[in-house]
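Dear colleague,

I am passing on to you the structure shown below, together with a short account of what was found in it. Please read the account with the structure open beside it.

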Amino acid sequence: MAGGAIGTVIRYGVARGVFSNEAGMGSAPIAAAAAKTDHPVRQALVSMTGTFLDTIVVCSITGIVLVMGLLGAGGEFVKPEVSGAALTTVTFQKMLPGIGGWIVTIGLIFFAYSTILGWCYYGEKCAVYVFGEKFAGLYRVGYVSSVMLGTVLSLDLVWLASDTFNGLMALPNLIALLLMAKVIVNETRDFKQKITNGELPH
């Protein structure tokens with residue numbers, strides 16, 4: 001039973017971690033490819049910081065506050081039906097009276113809005129690449145419709161769909177990363193060599 005519980009915790013941890021930083025899914029490189037840089041490895045290093053900030057900093061702070069709040073208050077302010085963003089909001093409000101709830105609310109607004117815009121951009125670029133520019137308008141209509149649909153569906157169904165599609169995206173991308181490992185190594189060596197020779201700024 002304990003093994004099953006640990007497995008469930010790991011499963012949800014990995015799923016939420018992938019959702020927060022998109023590591024290995026192949027979506028972030030779409031935005032990185034649009035950046036102006038003197039070498040692809042430099043942009044890759046910049047993109048790597050996103051994983052650190054999202055997961056190690058933001059998610060860890062959230063987890064620590066939740067644990068401290070539950071241990072410090074004995075969990076008496078948390079009702080069984082409270083979970084997700086509501087649980088985080090309640091805990092932050094208890095730990096930081098007055099501003100805690102606002103911190104979570106404002107953070108959620110910015111995170112949700114930036115996520116909606118980001119995924120719209122990613123999907124549109126993929127749709128245009130596969131089907132051509134004429135498909136962009138149709139994609140936008142479908143995307144906005146799916147966003148509206150997501151607001152009325154159950155949270156469990158939305159998370160299930162999200163995890164499923166994330167997994168479907170990650171599988172071919174991880175295979176491609178393995179196949180392109182030699183290219184990545186060569187580009188990294190080239191970048192280091194150019195830095196050493198002074199051809200590129202530090």
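Of the 202 residues of the protein chain, 20% count as buried. Please bear in mind throughout that this is a predicted model.

**Confidence**

The mean pLDDT of the protein chain is 81, and 83% of the residues score at least 70. Confidence is highest in helix α8, at 91, and lowest in helix α1 (residues 2-21), where the mean is 66. Where pLDDT is low, the predicted coordinates should not be read in detail.

**Overall architecture**

The secondary structure of the protein chain consists of eight helices and zero strands. Along the sequence this gives the pattern α-α-α-α-α-α-α-α. Among contacts between residues at least 6 apart in sequence, 63% join residues at least 24 apart. The accessible surface of the chain amounts to about 14,200 Å², and carbon and sulfur atoms account for 73% of that surface.

**The largest nonpolar core**

Which residues make up the largest nonpolar core? There are eight of them: M25, W119, C120, Y122, A127, Y139, Y143 and A170. Helices α5 (100-131) and α6 (136-150) each contribute at least two residues to this core. The largest share, four residues, is supplied by α5.

One member of the core, A127, may serve as a point of entry when you inspect the model. Apart from its neighbours within four places in sequence, A127 is in contact with G132, F135 and Y139. Of these contact partners, Y139 is itself listed in the core.

**A nonpolar patch on the surface**

In soluble globular proteins, nonpolar side chains tend to be buried together. This model also has a nonpolar patch on its surface, with an area of about 770 Å². The patch is made by L171, L174, I175, L177, L179, M180, V183 and I184. The elements that give two or more residues to the patch are α7 (155-179) and α8 (181-197). Helix α7 gives the most, with five residues.

Is L179, a member of this patch, buried or exposed? L179 lies in helix α7, and it counts as exposed because its relative accessibility is 71%, where the cut-off for that class is over 50%.

In viewing the model, you may wish to begin with the core that includes A127 and then turn to the surface patch that includes L179.

With kind regards

Terms used: Residues numbered from 1 in each chain as written. Predicted model: local features only at pLDDT ≥ 70, side-chain atom pairs only at ≥ 80, totals over all residues. Heavy atoms only, no water. Patch = residues over 30% accessible without salt bridge, like charges linked within 9 Å, V, L, I, M, F, W, Y side chains within 5 Å. Areas by Shrake-Rupley, 256 points an atom, 1.4 Å probe, with all protein chains shown as cover. Salt bridge = Lys/Arg side-chain N within 4 Å of Asp/Glu carboxyl O. Buried < 20%, exposed > 50% of the residue type's maximum accessible area, 1.4 Å probe, protein only. pLDDT = per-residue confidence, 0-100. Core = buried A, V, L, I, M, F, W, Y, C linked by side-chain atoms within 4.5 Å. Contact = heavy atoms within 4.5 Å.
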